Structures are given as C-alpha cells and as structure tokens.
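Hi everyone, thanks for making time this morning. I'd like to walk you through a protein that is new to most of us, so please have the picture open while I talk.

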Amino acid sequence: MATEMEIEMEQARVHELLLDLDEQRQQCEREGKFFMAQECLNKMRDMNLKQGKKVEKLALSVNAQEKQEITERQRLELLTFTKLWEEKLDEYERQAKEIITHVKNRQNSEYKEQEDIVKIQLMNKRPRFSKTVLQLREELERMVRQKKYLDAEGIKRKLKPLEEEEVKRFDEQLSVSFSKKTQLLKQQYRSEISALKQRIKLGREELLGQRKADFERLLQRHANITKELDQKTRLHVSRTRDYVQRQMQALINAPTKTLMDFQLAPRI
C-alpha cells in the first residue's frame, strides 16, 4: 500500500518529466516543429490525466485500507463486548444461585428450630375431657372413698375406654395442629423463595435489556463511523475528479501545472 510520502515522490517525478516535456515543447516551438510540439503537449496532458487517476485510485485504496482496519477494530470490539457481557451475566447467575442457596439453608435451620418449638408447645398442652368423663371420675372417687369397690370397678371399666377415645382424638388434633403450623412455615418459605426468584428474574431481564441497548448503541456508533468514512471518501474522490478537470482546462495556459498541491482524503 502506497504511503503519502511515496505519492509525493511520484508527483515530484511526474513534475520533473513535465518540465522536461515543456522544455522540448518550447524548443520545438522555436524551431517551428509544431507537430512535435503538439505531441509534447499531448504527452503532458496524458501524463497529468494519468497522474490524476492514479492519485484518485490511491485515495480510494488508502480509504479502503482504513475501512478494513476500522472493520477489524469493530469486530474485535464486538467480541470484547460479547465476552464482557457473558462474564457479567454468568457472574449474575452465580450470585443468584448463591443467594438462593443461602436463603434455603437459613430457612432449613429456622424450620428445625420452629418445628421443635411447636412440638414443645403442643406437648405442654393437656387434653380437656368431656363432661361425661369428668362426672365419671368424680363418681369413681366417691365410690372409692365409700369403699364401694365393686361399683368403683364398674365405673372404671366404663371410664377407661372413654378416656382413651378422648385422648386419641386429642392426639389427632395435636397432629393436625402440628401439620398446619409446619405447613404454614413451609408455605412462608416457599413464598419467600418465589419472591426472591422473581426479583432475580427482573434483575436478569434488566441486565438483558441493558445489554441490548448497549449493543444497539455500539452498532450505531460503528455504522456512523463507517458512514462518515464513506462520505469523506466520496467527497475526496469528487474533489479529485474536479481538480483533474480544472487542471486539464488550465493546461493550455500553464502546461507544467501538476497535482503537487493535491492532498489525500483525511484519515479517520
């Protein structure tokens, strides 16, 4: 790829050739060799035209190289962007799992403590016997005080199954009460985990939305850079063509005019 210095050296060489051709043209003009003078003039015109096209081609080549370099930088930037966001999302998921695990461990510990408390509370409760059982107990005590043991035996046999039945129902009620309280605890813990997962989901969606917005801004910035480069290239080529046209028109009046003052399109 030609550099600006190489282009300037080439233009200087063309300038020297144009000076030599102009000297030949003037010599031919003085000697009356007008056909040869015209040939020199034609060569000068062709040389200027070719040099203009060469500079235009080099300008396009330089800008094409810049565009390729920009495209490669943008590709690497996109790769870096993707990698950073993958790491960011992975870290978010890792932290989310850690939080859920921590909450579940804390819940398990709390549940065991609450379960033991409920058990103790229920164990401290005493069954409330029915009026029938209480009356039979009083009757039994009276028979024993009166030493009416046969009557007492009969009352005892009647009382025992009633007490057992009521104790059984009481134990069943304790079991139901224990189950309800523990299920309530479990439901609270499930609700807590569900709310936590919902917050994590919302945070994930927010991150994904941020990534999408950042990605769109990055693509837009890349598109703007490419568009600006293309606009500068088109403007540069247009100016080059206009310059060559003006130079060709002025060649008759100033045959040694060259492209020495032409500059490459500014780099981005």
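Let me start from the outside. The accessible surface of this protein comes to about 19,200 Å², and 54% of that belongs to carbon and sulfur atoms. Keep in mind that what you see is a predicted model. Its average pLDDT is 82, and 86% of the residues score at least 70. Residues 255–268 are another story, with a pLDDT below 50, although this stretch does have 53 contacts in the model beyond near neighbours in sequence.

Now the overall layout. The secondary structure consists of 4 helices and 0 strands, so to speak an α-α-α-α run from the N terminus on. Helix H1 covers residues 4–30 and has the lowest mean pLDDT among the elements, 79, while H3 has the highest, 88. Helix H2 spans residues 34–123, and helix H4 spans 149–250. Of the 268 residues, 27% count as buried.

How do parts of the chain that are far apart in sequence come together? Among contacts between residues at least 6 apart in sequence, 81% join residues at least 24 apart. Let me show you some examples, beginning in H2.

Find tyrosine 92, which sits in helix H2. Its C-alpha atom is separated by 8.9 Å from that of glycine 203, and the two are 111 residues apart along the chain. Leaving aside neighbours within four places in sequence, tyrosine 92 is in contact with Arg199, Ile200, Gly203, Arg204 and Leu207.

Arginine 75 is also a resident of helix H2. With a relative accessibility of 42%, arginine 75 counts as partly exposed. Between arginine 75 and histidine 222 there are 9.8 Å in space, C-alpha to C-alpha, and the pair is 147 residues apart in sequence.

Next, hop over to threonine 182, which is found in helix H4. Is this threonine buried or exposed? Threonine 182 is buried, because its relative accessible area is 4%, and the cut-off for buried is under 20%. Not counting residues up to four places away in sequence, threonine 182 touches Tyr111 and Glu115.

Let's spend a little longer on H3, residues 131–145. What span should we expect for its 15 residues? At 1.5 Å a residue, the expected value is 21 Å, and the end C-alpha atoms are indeed 21 Å apart, so the two agree. Look at which residues of H3 are buried: Val133, Leu136, Leu140 and Met143. They cover an arc of only 85 degrees around the axis, which means they are on the same side of H3. Turn to the other side of H3 and you will see Lys131, Glu138 and Arg145, which are exposed.

That buried side leads us to the core. As a general point, nonpolar side chains in soluble globular proteins tend to be buried together. Here, the largest nonpolar core has 8 residues: Phe129, Val133, Leu136, Leu140, Met143, Ala152, Ile155 and Leu159. H3 and H4 each supply at least two residues of this core. The largest share, 4 residues, comes from H3. There is also a second, separate core of 6 residues, including Ala96, Val103, Ile193 and Leu196.

If you zoom in on valine 133, you can see what it touches: Leu159, Leu162, Glu163 and Glu166, not counting residues up to four places away in sequence.

One last stop, just past H3. Lysine 147 follows that helix and is found in the loop between H3 and H4. What is its phi? For lysine 147, phi is positive, about 60 degrees, although this residue is not a glycine. Lysine 147 counts as exposed because its relative accessibility is 58%, and the cut-off for exposed is over 50%.

To recap: we have 4 helices and 0 strands, and a largest nonpolar core of 8 residues to which H3 gives the largest share. Thanks for listening, and I'm happy to go back to any part of the picture.

Definitions and conventions: Residues are numbered from 1 along each chain as its sequence is written. This is a predicted model: local features need pLDDT of at least 70, side-chain atom pairs count only at pLDDT 80 or more; totals for chains, interfaces and linings use all residues. Side-chain values use heavy atoms; hydrogens and water are left out. The expected span of a helix is 1.5 Å times one less than its number of residues. Buried means under 20% relative accessible area, exposed over 50%, partly exposed in between (1.4 Å probe, protein chains only). The arc is that of the directions from the helix axis to the C-beta atoms. A nonpolar core is a set of buried Ala, Val, Leu, Ile, Met, Phe, Trp, Tyr and Cys residues joined through side-chain atoms within 4.5 Å. Contact means heavy atoms within 4.5 Å. Accessible areas come from the Shrake-Rupley method with a 1.4 Å probe; for residues, only the protein chains shown count as cover. pLDDT is the predictor's confidence in each residue, from 0 to 100.
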